[in-house]
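Work through the exercises below with the sequence and the coordinates open. Each task is followed by a solution in steps.

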Number of protein chains: 2
Amino acid sequence: MGDEQVAAPTKQRRISQRGIATRERILEAANRLMFVRGVNATTLDDVREASQTSKSQLYHHFADKQELVRELVKYRGALVLQRERAGLERLRSFSGLVRWRNALVQANSLNNGKYGCGLGSMAVELSDQDEQARSMLSETFAAWGKLISDGLHRMRDSGALRQDADPEKLATGLMAALQGGYLLANAAHNVEPMEVALDMALDHIKSFLSEPSGEPTR
Amino acid sequence: MGDEQVAAPTKQRRISQRGIATRERILEAANRLMFVRGVNATTLDDVREASQTSKSQLYHHFADKQELVRELVKYRGALVLQRERAGLERLRSFSGLVRWRNALVQANSLNNGKYGCGLGSMAVELSDQDEQARSMLSETFAAWGKLISDGLHRMRDSGALRQDADPEKLATGLMAALQGGYLLANAAHNVEPMEVALDMALDHIKSFLSEPSGEPTR
DNA sequence: GAAGGATGGGACCTTGGAGTCCATTCAGCG
DNA sequence: CGCTGAATGGACTCCAAGGTCCCATCCTTC
């Protein structure tokens with residue numbers, strides 16, 4: 001409960017290139033391990049070993065495990081948003097959504113549905129135990145949703161989507177279908193539920209396309 | 001790896017009424033605690049205290065924590081299926097689905113979206129760390145889905161739903177929307193995403209209703 | 001090239017929480 | 001009743017995992 005540099009920001013610790021690299025290595029290792037085993041089931045010794053560092057390094061860069069986890073939330077959130085931005089920022093048509101869907105499905109099918117969504121599983125594991133992590137995750141989901149709804153807005157503005165379509169709601173529904181799909185696929189060790197869920201959401205969006213759209217895509 | 005009474009079922013330990021009650025109390029306490037804190041974040045001492053039992057009782061009834069958790073998976077699965085059966089076994093119309101949706105939303109809104117689905121969160125927490133638990137959960141999801149698809153089949157048979165509707169896929173989509181909705185609602189501490197997700201799934205099902213159905217419900 | 005902070009290795013400490021054990025009480029049965 | 005095994009209380013053991021510490025080495029700066 002200290003007031004951590006509220007009024008004395010001068011004392012900023014120097015940080016070298018090497019230090020940055022180590023910190024990155026730690027986060028990268030934590031990311032990998034916690035993705036497959038879950039956050040709570042991953043120990044700091046696991047992380048230490050996988051990142052080829054030592055205990056002192058871990059505690060040099062992170063105050064404790066909780067802080068490491070929080071930094072991981074940011075790290076992973078940034079990765080996901082970056083990936084999603086790449087796939088969504090130029091979304092202007094329904095077929096773009098289909099391509100986006102296909103990429104996610106394909107990636108997940110490489111694991112046979114295992115592990116689920118890096119953000120979703122953290123959300124489940126942490127929401128009830130770390131308020132700060134929860135709120136960061138919630139914001140990340142919001143940003144992700146915005147990427148989708150922005151695309152839908154573009155589609156609506158361009159006339160591809162009807163005026164009565166609600167981009168925000170459609171985006172939320174699509175995100176939920178995606179997360180639920182990940183969850184069921186993970187439990188079943190099989191991507192199929194995720195495909196079905198995404199197809200449902202896409203069909204729902206398709207029902208808001210303007211008239212001159214031909215037969216079913218898929 | 002012992003073959004546990006494969007051929008000598010005579011030695012079945014006697015179990016008294018009192019013993020059964022204690023076992024039940026333990027499961028019930030574990031259920032409550034692990035629902036709000038998560039499985040891994042709940043200690044056996046927590047359970048012991050909340051159930052007003054002692055260490056020896058815990059280990060008298062369950063071999064270890066893993067077994068307790070697995071029994072909890074069964075226990076909770078049975079509870080959920082029982083509740084869902086009550087709400088779905090007589091499902092014959094779209095308005096029945098709406099009522100079902102409303103009940104789930106209302107229940108979750110009492111927690112402001114917190115905690116999520118008892119099965120879904122266990123699935124995320126356990127799928128990557130206990131194969132047996134994962135497979136039981138997967139089966140429970142399947143049974144849950146079947147309750148829904150059975151209802152949809154009845155609707156299709158009665159003509160409420162068109163012939164080209166696929167009850168299994170619709171049920172999977174609905175389940176995914178529900179789980180994803182729980183997840184987002186939990187992260188946001190707000191039921192809304194869950195409502196939006198379920199409404200999307202219901203709209204999707206509605207699009208398969210036979211002609212003579214009037215304007216939007218909701 | 002000496003000082004001082006950043007980086008690093010890894011032994012060590014501490015503790016929470018899983019799991020053991022034994023003495024005691026309780027309940028059904030001959 | 002008294003015997004037997006189930007039910008129970010709770011002290012105790014043990015260890016994995018988080019966290020501390022100290023000393024060595026590296027890098028930057030003057």
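**Exercise 1. Find the residue just after α8(B) that takes a positive phi, then describe the helix before it.**

Step 1. The residue is B:H189, with a phi of about 55 degrees. Helices here are DSSP runs of H or I of at least four residues, strands are runs of E of at least two, and both are numbered from the N terminus. The model is predicted: local features need pLDDT of at least 70, side-chain atom pairs count only at pLDDT 80 or more, and totals for chains, interfaces and linings use all residues. Residues are numbered from 1 along each chain as its sequence is written, while chains are lettered from A and ligands numbered from 1 in the order in which they are written.

Step 2. Helix α8 of chain B covers residues 167–188, 22 residues in total. Its first and last C-alpha atoms are 31 Å apart, close to the expected 32 Å; the expected span is 1.5 Å times one less than the number of residues.

Step 3. A residue is buried if 20 or more other C-beta atoms, placed from the backbone, lie within 10 Å of its own, exposed if 12 or fewer do, and partly exposed in between. Since 20 of the 22 residues of α8(B) are buried, the helix is largely enclosed by the rest of the structure.

**Exercise 2. Carry out the span check on α7(A).**

Step 1. With 27 residues at 1.5 Å a residue, α7(A) should span 39 Å.

Step 2. The end C-alpha atoms of α7(A) are 38 Å apart, so the two values agree.

Step 3. After α7(A) comes A:G159, with a positive phi near 90 degrees.

**Exercise 3. Place B:M194 in its surroundings: is this residue buried or exposed?**

Step 1. B:M194 belongs to helix α9 of chain B, residues 192–206.

Step 2. Within 10 Å there are 30 other C-beta atoms, so B:M194 is buried.

Step 3. Two residues are in contact if their C-beta atoms, placed from the backbone, lie within 7 Å. Neighbours within four places in sequence aside, B:M194 has contacts with B:V105, B:N108, B:G113, B:G181, B:Y182, B:L184 and B:A185.

Step 4. B:L104 is 90 residues away from B:M194 in sequence, and their C-alpha atoms are 9.4 Å apart.

**Exercise 4. Relate chain A to chain B and describe their contact.**

Step 1. Superposition is by least squares on the C-alpha atoms of residues with pLDDT of at least 70 in both copies. A turn of 180 degrees with a shift of 0.0 Å along the axis lays chain A on chain B at an RMSD of 0.0 Å. This is the relation of a two-fold axis.

Step 2. In chain A, A:G180 comes closest to the rotation axis, its C-alpha lying at 1.9 Å. The same surface serves both copies, as 100% of the contact residues of chain A recur in chain B.

Step 3. Each side is then counted: 42 residues from chain A and 42 residues from chain B. On the chain A side, two or more residues come from each of α1, α6, α7, α8 and α9. The largest share, 15 residues, is that of α8(A).

Step 4. By class, the chain A side has 20 nonpolar, 16 polar and six charged residues. Nonpolar means Ala, Val, Leu, Ile, Met, Phe, Trp, Tyr, Cys and Pro; charged means Asp, Glu, Lys and Arg; the others, Gly among them, are polar.

**Exercise 5. State which elements supply the surface near DNA strand D and near DNA strand C.**

Step 1. A residue is near a strand if its C-beta atom, placed from the backbone, lies within 6 Å of it. DNA strand D is surrounded by 23 residues, the closest being A:L44, B:G19, B:T22, B:S54 and B:S56.

Step 2. For DNA strand D, α2 and α3 of chain A and α1 and α3 of chain B each supply at least two residues. The most, four residues, come from α3(B).

Step 3. DNA strand C also has 23 residues around it, with A:S16, A:G19, A:T22, A:S56 and B:L44 the closest. Here α3(A) gives the most, with four residues, and α1 of chain A and α2 and α3 of chain B each give at least two.

Step 4. The surface near DNA strand C divides into three nonpolar, eleven polar and nine charged residues.

**Exercise 6. Judge the confidence in chain A.**

Step 1. The pLDDT is the predictor's confidence in each residue, from 0 to 100. Its mean over chain A is 92, and 91% of the residues reach 70 or more.

Step 2. Over residues 1–11 of chain A, pLDDT stays under 50, and the model has one contact beyond four places in sequence for them. Where pLDDT is low, the predicted coordinates should not be read in detail.
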